[in-house]
Amino acid sequence: MNQEQLLRELTEFLRIPSVSTLPAHNQDCRAAAEWVAAELRRLGCREVEFLGSDTHPVVSGKGPDVPGAPTLLIYGHYDVQPPDPLNEWTRPPFEPTVRDGKIYARGSADDKGQVFCLLKAIAASPRPPVNFRFLIEGEEEFGSKVLFDLLKREPQRVRADVALVADMSYVAPGWPAVYTTLRGLCYAEITVRTSKTDLHSGEYGGAAPNAHEELCRLLTRLKGEDGKINIPGFYAPVKRPSKAELAAWKKLPFNEKDFLQKRVQAKALVGLKKYSVLERLWALPTFEIHGILGGFTGEGAKTVIPAEATAKVSMRLVPNQKLAAVERQLAAAVNRLAPKHVTASVRFLHGADPAQIKVDHPAFQLLGQAFKEVTGRATVPARAGGSIPVVPALASGGASVILTGIGLPDDRLHAPNEKLDLKQLWDGIDVFRRFYELLGGAGRM
Ligand code: BES
Ligand code: MN
Ligand code: MN
């Protein structure tokens, strides 16, 4: 298929605003699922089904049976993050635009463009001798509940030799990677209530407690200025990477100053100063405040003491931390750190355990070879700061999970003007086409 035709089809997929976290887009999520299902049928799949939900179904399918060949499970997600703030997009997020060899749209890199790449790589090869299985979900950006429930009911859905996940990026331009860990996530709302109702700040100010003030104090107790998270037991299971791994990271094309100036574009980096930036991003847990609700935030001025305030927060977890334990630890810490005169509560929204992956299965070698043939460089092992909740479950049936991707570090995932470089896409299609061939040629593994 020529590039123009491929671009037209990708544009059609990216045009669907499949935002899984906003109920107003339920129909759009369903439409994106239909797009994936139609594509699987075009690839000759049988048993193309929608599973687990009418609005955010897991799209499942099976390629033609090839007896004696390895089974490859392809995982991806067709849902995307909300596109706001809209006024910061140069072109609207769901009107895909090609400029300077890049396609700009929400979902271009995360993850529709990459799902597209894996599927078109199958179409590009003459019947690779591989038993393909597909699980393309629509709730990855919202904690993957539908897929988790499905796999609990039907664990045989992940039975495969290898699972392929392309939902990340190269570590740097020209440097494809496979990832050995993903961070987990614990997403929560912390609410502080100080009085029955809001109060006039003149009549009561000076003597009545203020919910925002109490919440802010609580939050700064949970994480200090030095970046240390003060939740008892939180760091206990965290292990430092081995000397060999830290030494390998030094050889990656990552420069802390460039990271600050070109990617973060802030005045300084923060966090635990005695660890390298890569260690902070990849091997240490975090605590972030995403937003604070409550009180008066409208136009103009209102003199009021808010009675309630809520912070949306999340913690990224690293290998050996457990979501269930961290939930208990956070709830206990909030209880302990909030003063007696406030009512503090924690509500957990979603989460994921961290993932740790051995990259010694022969399929990793084959993927490295495919990248080397197409791009000139084999994959390097790295770690990832982000999360893909379902990865530990994908590994639970014995499949080796390959975490890789065709994005670049500056793709602006979840942010305005998300993009995918088209060269990455065209190379990616060649890489995975070659990988499928090599995998098929290797026979059962
Ligand atoms: N593709 C990302 C995960 C990712 C990003 C891995 C960058 C490695 C590097 C995925 O779509 C994502 O954004 N996941 C969410 C999961 C959450 C909402 C449960 C995340 O990490 O915030
Ligand atoms: Mn993703
Ligand atoms: Mn994402």
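Begin this tour at the manganese ion (ligand 3), whose donors follow the spacing D-x30-E-x272-H along the chain. The pair formed by Glu141 and His414 links distant parts of that chain, 273 residues apart, with Glu141 in the loop between strand 6 (131-137) and helix 4 (145-153) and His414 in the loop between strand 18 (400-404) and strand 19 (419-421). What you have open is a predicted model, and the values quoted along the way are to be read with that in mind.

**First stop: the manganese ion (ligand 3)**

Select the ion together with its protein donors, which are Asp110 (OD), Glu141 (OE), Glu141 (OE) and His414 (NE2), lying 2.1 to 2.7 Å from it. If you list the angles among the 6 donor atoms, they run from 54 to 157°, and the site is classed as irregular. For reference, ideal angles at a metal are 109.5 degrees for four tetrahedral donors, and 90 or 180 degrees for six octahedral ones.

Is Glu141 buried or exposed? Glu141 counts as buried, because its relative accessibility is 9%, and the cut-off for that class is under 20%. His414, by contrast, has a relative accessibility of 37% and therefore counts as partly exposed.

**Second stop: across Asp110 to the manganese ion (ligand 2)**

Keep Asp110 selected and add the manganese ion (ligand 2): Asp110 bridges this ion and the manganese ion (ligand 3), and the two ions lie 3.6 Å apart. Asp110 sits in the loop between strand 5 (102-104) and helix 3 (112-123), while Asp167 sits in the loop between strand 7 (162-166) and strand 8 (177-179), so that a pair 57 residues apart links distant parts of the chain. Both Asp110 and Asp167 are buried.

Now show the donors of the manganese ion (ligand 2), where His77 (NE2), Asp110 (OD), Asp167 (OD) and Asp167 (OD) coordinate at 2.0 to 2.3 Å. Along the chain these donors follow the spacing H-x32-D-x56-D. The site of the manganese ion (ligand 2) is irregular, with angles of 57 to 164° among its 6 donor atoms.

**Third stop: the backbone beside the metal donors**

Switch to a backbone representation and step from Asp110 to Asp111, which are joined by a cis peptide bond with omega at about -5°. Asp111 is placed in the loop between strand 5 and helix 3. Continue to Lys112, which belongs to helix 3 and is classed as buried because its relative accessible area is 0%. If you draw a distance from the C-alpha of Lys112 to that of Val162, you should find 21 Å in space for two residues that are 50 residues apart in sequence.

Next, select Ser144, which is found in the loop between strand 6 and helix 4. Its phi is near 60°, a positive value in a residue other than glycine. Ser144 counts as buried because its relative accessibility is 0%.

**Fourth stop: two further backbone sites**

Which peptide bond should you look at around Pro85? The bond from Asp84 to Pro85 is cis, with omega near 0°, and Pro85 lies in the loop between strand 3 (71-77) and strand 4 (97-99).

Then move to Glu47 in strand 1 (residues 46-51), where phi is near 50°, again a positive value in a residue other than glycine. Glu47 is classed as partly exposed because its relative accessible area is 43%.

**Fifth stop: the cavity**

How many cavities of 30 Å³ or more are there? The count comes to 1, and the largest cavity has a volume of about 30 Å³. To display its lining, select Trp89, Arg91, Pro92, Pro93, Glu95, Thr97, Tyr104, Ala105 and Asn417. Coloured by residue class, the lining divides into 5 nonpolar, 2 polar and 2 charged residues.

**Last stop: helix 12**

Finish by selecting residues 422-442, which make up helix 12, a run of 21 residues that reaches 30 Å from its first C-alpha to its last, close to the 30 Å expected at 1.5 Å a residue. Just after the helix comes Gly443, whose phi is positive and near 75°.

Methods: Residues numbered from 1 in each chain as written. Chains lettered and ligands numbered in written order. Predicted model: local features only at pLDDT ≥ 70, side-chain atom pairs only at ≥ 80, totals over all residues. Heavy atoms only, no water. Donors = N, O, S within 2.8 Å, 3.2 Å for Na, K, Ca; no water. Tetrahedral: all angles 85-135°; square planar, octahedral: opposite > 155°, others 65-115°. Helix = DSSP H or I, 4+ residues; strand = E, 2+ residues; numbered from the N terminus. Buried < 20%, exposed > 50% of the residue type's maximum accessible area, 1.4 Å probe, protein only. 1 Å grid on protein atoms, 1.4 Å probe; cavity = no way out; pocket = protein on both sides within 12 Å on 5 of 7 lines; lining within 4 Å. Points joined across faces, edges and corners; volume = space filled by probe spheres on them. Nonpolar A, V, L, I, M, F, W, Y, C, P; charged D, E, K, R; others polar. Expected span 1.5 Å × (residues − 1).
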